[in-house]
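Q: I'm new to this one. Could you show it to me and then take me through the words people use for it?

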Amino acid sequence: EMVTSKLEAELDKNLYFHTFEYALHLYEYSGLLAKAADLDMEETLLIRTSSLLLNVGFTIGYENQENKSAEYARNILPEYNYSEKQIAVISNLILSSKWPPEPKNMLEMILYDIKMEFIGRADYIRLYKLLFLEQNHYLKSVEVLEFKHKQLEIIQQYQFFTEPAKRLREIPVEEQLSRIKEDDWK
């Protein structure tokens, strides 16, 4: 409740993509993936906590938000009786979600699949336009065609790591690529 209250109150209104609602969606999706991946209770706790804290860094600043989220996790989790080992795992999971993806274990794979879930969604075109608006606001000189090209590269390169994430993908890669190429948004 404390984290969701913080996200709801402190996420900047110019975060068109990384909204409070999106943060809640990731948290809910983490429960679905944890169950589908047959994680035990400890692993589920680690994944769900990591996904809940994944975007809290955006309340502090836009760039390097994973570092800010991991630091926030290290600061608050002792208050909730997380062990030092759990805190280290959660912090490392959050840090492992930076681009490009280089997961080293199953939990990192699951968290990355949670973070990238949006690329397989039916409403991806709407979401990537919101992401463009957000990045254009915070990073300034983002060009539409350059951004679109980058999204095409991401979709072509990114393969969901876990079988549950692959099964839950709504739109196949080829169809998603076709949708972006056909989108005449400029």
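A: Sure, let's start with contacts. Of those in the chain between residues at least 6 apart in sequence, 68% join residues at least 24 apart, a contact being heavy atoms within 4.5 Å. This is a predicted model: local features need pLDDT of at least 70, side-chain atom pairs count only at pLDDT 80 or more, and totals for chains, interfaces and linings use all residues. Residues are numbered from 1 along each chain as its sequence is written, and side-chain values use heavy atoms, leaving out hydrogens and water.

Q: How many helices and strands does the chain have?
A: There are 10 helices and 0 strands. Both are DSSP runs numbered from the N terminus: helices are H or I with at least four residues, strands are E with at least two.

Q: What makes the chain as compact as a globular protein of its length?
A: Its radius of gyration is 16 Å, close to the 16 Å from the globule rule for 186 residues, so the description fits. The radius is taken over C-alpha atoms, and the rule is 2.2 Å times the number of residues to the power 0.38.

Q: Which residues of helix α10 are called buried?
A: In α10 (residues 173-182), they are Gln176, Leu177 and Ile180. Buried means under 20% relative accessible area, exposed over 50%, and partly exposed in between (1.4 Å probe, protein chains only).

Q: Why are they said to be on the same side of α10?
A: They cover an arc of only 100 degrees around the axis, so they share a side. That arc is of the directions from the helix axis to the C-beta atoms. On the other side, Glu174, Lys181 and Glu182 are exposed.
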